[in-house]
Amino acid sequence: MKAVVLVGGEGTRLRPLTHHTVKAMVPILNRPFLEYLLQHLANHSVDEVILAMGYKPDSIQNHFTHAHGLPVKLVYSIEPAPLGTAGAVKYAEQYLDNTFFVLNGDVFTTIDLTAMLRFHKESGAKITIALTPVEDPTRFGVVETDNRFRIKKFIEKPPPDQVTTNNINAGVYILEKDALKNIPSGRRVMFEHDVFPELLSAGDPLYAYPTDAYWIDIGTLENYHRLNCDLLTGKCPHPDPKTVRPVPPESSFVHPQARVQGPVLIGERCRIGYGVQIIGPAVIGTGCHIEDCAIIEKSILWQHVTVGKNAILRNCIVASNSCIASNSALEGVTITPEHKTP
Ligand code: GTP
C-alpha cells in the first residue's frame, strides 16, 4: 500500500520556528515530526511513501538520504511551485496505484488506518475522509453525513447557529486513483475547496470515517507545544515508547544538585549545572547547556541551546542554537537565535 504525505506548505502559522526548519521536520521529543508519521503509516502496512514537496525540499531530502533503518521506502515528488493539496497529489500521480492514503504532513494522529481502509473498501467509496471532533467547529470546515456516513455536505466555517456537527476534516484521506482524473495538471488545486465539493455535486460516493483517536494539527505554536507535553505525560500514547528514556543518557552531565522533576526528556551531550531546576513536562535537546541555577518549566528546547545562569523559562519553545541571557525571565514565548533576550 502506498501513501502520499503532503509536506509542501509554508507553515506560516508556526512562525518563527519555520524560518529555520520546515514544518514537517520540527522536533517532537527530539525527533523530526515526519519520522512519527512514517512509523504510523508503516504500522498500518504502508510500504512506500511519496513525499509531496512544494517548498524547501532540501532539508527533508538531506535528512532522509542519510537516515538508516527507515520503516518505508521514500519517493520524492518535488513540485516546481506549490500546487496545493490536490495539485500536489495530481503531480505525484505516476507513482500511485489504485487505492492509496493521503495525509497532511502536519497532523499527528493515532487513527487506525487499517480499519479506515476496511471501511473504505466495504462502502465502495471513491474518497474516504477521516473526521475528528473539535470543541469549536466554527473556525473549521465541517462535514455532514447520513447515517451510513455518506457525505451530504461540506460547510466552511459555519456560524454558531448553523452548527449541526463538530466533526471536521482530519487531513487523512483514502483515494481511488480515479478521483484524480478531473484535476487539472500544473495548477494550484485544493482538495478541501475544489475537489471534494466538485465530486460531491457530481454525485460521486464520498464517505466519512469519524474517529475519536488522538488527533492534533501541529501547525500552530500552541499545538506544537501541546503535542510534546501530551506524549511526555502519556495523554497521547507514544508510538515507539522505548525511544523515550526516563533517565538522561550517559553522554549528558546532570549536576547532583540539579533537580529534574516530572516527565523530562534530556538529549545527548547536555550539561545541566548546579542548582538548575527542570520541571516537566519538558524537553532538552541534544547539546544544550543549562547554566547554574536556571529554571526551566514546561518548555521545549531544541538542539544546542544555551540558557544562562539564573534565567527562568516557563512555557517556552526555544529553537536550535538560541542563547538565553543570564538572569532573563521569559514566559510563553518562542525564541530563535535572532531573538535578543533582555
Ligand atoms: P500554514 O501556512 O501555516 O497554513 O501552513 P500550510 O500551508 O503548511 O498548511 P495547511 O494546513 O494549509 O496545509 C495542509 C497540509 O498540506 C500541510 O501538511 C502542508 O504542508 C500541505 N500543503 C499545503 N499546501 C501544499 C502544496 O502546495 N504542496 C504540497 N506538496 N503540500 C502542501
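1. To start with the basics, the protein has six helices and 28 strands (DSSP runs numbered from the N terminus, H or I of at least four residues for helices, E of at least two for strands). Keep in mind that this is a predicted model, where local features need pLDDT of at least 70, side-chain atom pairs count only at pLDDT 80 or more, and totals for chains, interfaces and linings use all residues. Residues are numbered from 1 along each chain as its sequence is written, and side-chain values use heavy atoms, with hydrogens and water left out.

2. On overall size, the C-alpha atoms fit a box of roughly 65 × 45 × 35 Å along the principal axes. The radius of gyration is 22 Å, which agrees with the value near 20 Å for a compact globule of 342 residues (taken over C-alpha atoms; the rule is 2.2 Å times the number of residues to the power 0.38).

3. Of the 342 residues, 53% are buried (under 20% relative accessible area, with a 1.4 Å probe and protein chains only).

4. Now have a look at strand 6, residues 99–104: six of its six residues are buried, so the strand is largely enclosed by the rest of the structure. T99, F101 and L103 point one way, while F100, V102 and N104 point the other.

5. What about the neighbours of strand 6? Strand 1 (residues 2–6) runs parallel to strand 6, joined by five bridges (strands pair if DSSP finds at least two bridges between them), and L6 has N104 as its bridge partner. Strand 11 (residues 167–176) runs antiparallel to strand 6, also through five bridges, with V172 opposite L103.

Terms used: Buried means under 20% relative accessible area, exposed over 50%, partly exposed in between (1.4 Å probe, protein chains only).
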